[in-house]
Amino acid sequence: MFSYLLIVILMYETGYRDIKEKRLIGVLPKRATFIFITSIVVVIAIFFLFNMVDIKEPVGFFKQVAVTSVLASLGAGTADLLGKH
């Protein structure tokens, strides 16, 4: 939730660029939601690729994904903002 909130603030509240806001299910910003989901999928894929997943301890894996998703989401959101210029 924290990383999703950060990406929404980065994309819509910083004022770096005007973004036409489209909503998913009437509430969630579509662009930020897809960037967030993509970053979570990539983080999980990287953990599996480098064999860093411990199936016996799912809470630890969740913590790893949660911490890494903050940086991944901010990086993806920044790249999205800068990519159009």
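The accessible surface of the chain adds up to about 6,100 Å², and carbon and sulfur atoms hold 70% of it (areas come from the Shrake-Rupley method with a 1.4 Å probe, and for residues only the protein chains shown count as cover). This is a predicted model, in which local features need pLDDT of at least 70 and side-chain atom pairs count only at pLDDT 80 or more, while totals for chains, interfaces and linings use all residues. Residues are numbered from 1 along each chain as its sequence is written, and side-chain values use heavy atoms, with hydrogens and water left out.

Now for the overall layout. The chain has three helices and two strands, put together in the order α-β-β-α-α along the sequence. Both kinds of element are DSSP runs numbered from the N terminus: helices are H or I with at least four residues, strands are E with at least two. Of the contacts with a separation of 6 or more, 60% link residues 24 or more positions apart (a contact means heavy atoms within 4.5 Å).

What about the inside? Of the 85 residues in the chain, 33% are buried, where buried means under 20% relative accessible area, exposed over 50%, and partly exposed in between (1.4 Å probe, protein chains only). Helix α1 (residues 2-12) has S3, Y4, I7, V8, L10, M11 and Y12 buried. Looking down the axis of α1, these buried residues stay within an arc of 165°, so they line one face of the helix (the arc is that of the directions from the helix axis to the C-beta atoms).

The largest nonpolar core counts 14 residues, and I7, V8, M11, A32, F47 and V65 have the most contacts inside it. Two or more residues come from each of α1, α2 and α3 (58-83), with α2 giving the most, at six residues. Such a core is a set of buried Ala, Val, Leu, Ile, Met, Phe, Trp, Tyr and Cys residues joined through side-chain atoms within 4.5 Å.

Helix α2 has other stories to tell. S39 sits in this helix and is buried, because its relative accessible area is 6%. Leaving out residues up to four places away in sequence, S39 touches A72 and S73. V42 lies in helix α2 (residues 30-49) as well, but V42 counts as partly exposed because its relative accessibility is 44%. V42 joins I46, L49, F50 and M52 in a nonpolar surface patch with about 510 Å² of accessible area together. Patch members have over 30% relative accessible area and no salt bridge; like charges are joined within 9 Å, nonpolar side chains (Val, Leu, Ile, Met, Phe, Trp, Tyr) within 5 Å. A salt bridge is a side-chain nitrogen of Lys or Arg within 4 Å of a carboxyl oxygen of Asp or Glu.
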